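Please work through the exercises below with the sequence and the model open beside you. Each task is followed by a solution that proceeds step by step.

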Amino acid sequence: MKARLQRVIGYLTATVAVLLGWAAISLIIDNPALPLPTTAVQQFIALFPEMLPHIGISFYRIVISMVLGTIAGTILGLIIGRSTKLDAVGAPLLYVLYPVPKIVFVPVLMVLLGLGNAPAIVLISTVIFFQTVVTARAAAKSISPDLVASVRSLGASKLDVARHVVFPSALPSIFTALRISAGTAVAVLFVVESIAGNTGVGFYIVNAWGRIDYATMFAGIIAMALMGVFLYEVINFVENRLVPWAPKPE
């Protein structure tokens, strides 16, 4: 209970600090492109019913993408990390493909998949997949051989080792990758929706920008920021239930 209260107080303190900083910069710049936070928040409240369908679509795209990318990346990463032969082939491929900015494939995905959910889900899933597979591989490789040997000496099969040793040991690292991926997913979603779609919060923000409606634009930015915070907290909640032994993020 005390930890939750401290977390709430931390969020409130950070929010007040951000709003005060935003207000100060807005007053100094004195430009309509950066309205006061009070104006943006009022607009967010007023337009929330209108934005709700866009928020729902964006949230759907992120959740589906994170589930697909995380599952595929975790399975492949753990398999590569525990197999010397596969790692000899898979590691070089990761070194080559991981640094490539996946966002550059937006035009290709638009041509192949059109507009809507498909290009956003494919691109975000790909980004999360690579972040997860790299993390899962490293976590699997770091497991002590002595720990595996001790379990095998008790008669455990390879599947038992995977279920009861490898996967639980890698879970804290995988959830750390998920928290990082949440922010990345929101950023990629904005780019994709602003280029390859006519729905979602990213589209809503760019549409308001095109109409020079800066208050509405920042209302959309607030919605996207809150979506990112909500995702982060959901991941923390799930981790606390599935990995109670892991160190808790501050």
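## Exercise 1: A charged group between two helices

Arg137 counts as buried because its relative accessibility is 13%, where buried means under 20% relative accessible area, exposed over 50%, and partly exposed in between (1.4 Å probe, protein chains only). This is a predicted model, in which local features need pLDDT of at least 70 and side-chain atom pairs count only at pLDDT 80 or more, while totals for chains, interfaces and linings use all residues. Residues are numbered from 1 along each chain as its sequence is written, and side-chain values use heavy atoms, with hydrogens and water left out.

Task: Find which residue forms a salt bridge with Arg137, and state which residues are joined with Arg137 into one network.

Solution:

1. The partner of Arg137 is Asp87, with the closest N and O atoms 2.5 Å apart; a salt bridge here is a side-chain nitrogen of Lys or Arg within 4 Å of a carboxyl oxygen of Asp or Glu.
2. Because Asp87 lies in helix α3 (residues 84-97) and Arg137 in helix α5, this pair ties together parts that are 50 residues apart in sequence. Helices in this numbering are DSSP runs (H or I, at least four residues), counted from the N terminus.
3. Asp87, at 10% relative accessibility, also counts as buried.
4. Asp87 forms a salt bridge with Lys141 as well, the closest N and O atoms being 3.3 Å apart. Since Lys141 too is in helix α5, the pair of Asp87 and Lys141 ties together parts that are 54 residues apart in sequence, and Lys141, at 43% relative accessibility, is partly exposed.
5. The structure holds five salt bridges, and one of them joins the side chains of Arg211 and Asp213 (3.5 Å, N to O). Arg211 is partly exposed at a relative accessible area of 46%, and Asp213 is partly exposed at 24%.
6. Through shared partners, salt bridges join Asp87, Arg137 and Lys141 into one network.

## Exercise 2: A serine in helix α5

Task: Decide whether Ser125 is buried or exposed, and list what Ser125 is in contact with beyond its neighbours within four places in sequence.

Solution:

1. Ser125 is placed in helix α5, which covers residues 117-141.
2. With a relative accessible area of 11%, Ser125 is buried.
3. Once neighbours within four places in sequence are left aside, Ser125 is in contact (heavy atoms within 4.5 Å) with Ser65, Leu68 and Gly69.

## Exercise 3: The nonpolar cores

Task: Establish how many residues the largest nonpolar core has and which elements give two or more residues to this core.

Solution:

1. A nonpolar core is a set of buried Ala, Val, Leu, Ile, Met, Phe, Trp, Tyr and Cys residues joined through side-chain atoms within 4.5 Å.
2. The largest such core has 40 residues, and those with the most contacts inside it are Met51, Ile62, Met66, Val192, Val201, Met224 and Met227.
3. Two or more residues of this core come from each of α2 (37-82), α4 (106-113), α5, α7 (158-195), α8 (201-210) and α9 (214-242).
4. Ile62, leaving aside its neighbours within four places in sequence, is in contact with Ala185, Val186, Leu189, Met227 and Leu231.
5. Apart from the largest core lies another, of twelve residues, including Ala139, Ala140, Val148 and Val165.

## Exercise 4: The whole chain

Task: State how many helices and strands there are in the protein, and what share of its residues count as buried.

Solution:

1. The protein has nine helices and zero strands.
2. Of its 250 residues, 38% count as buried.
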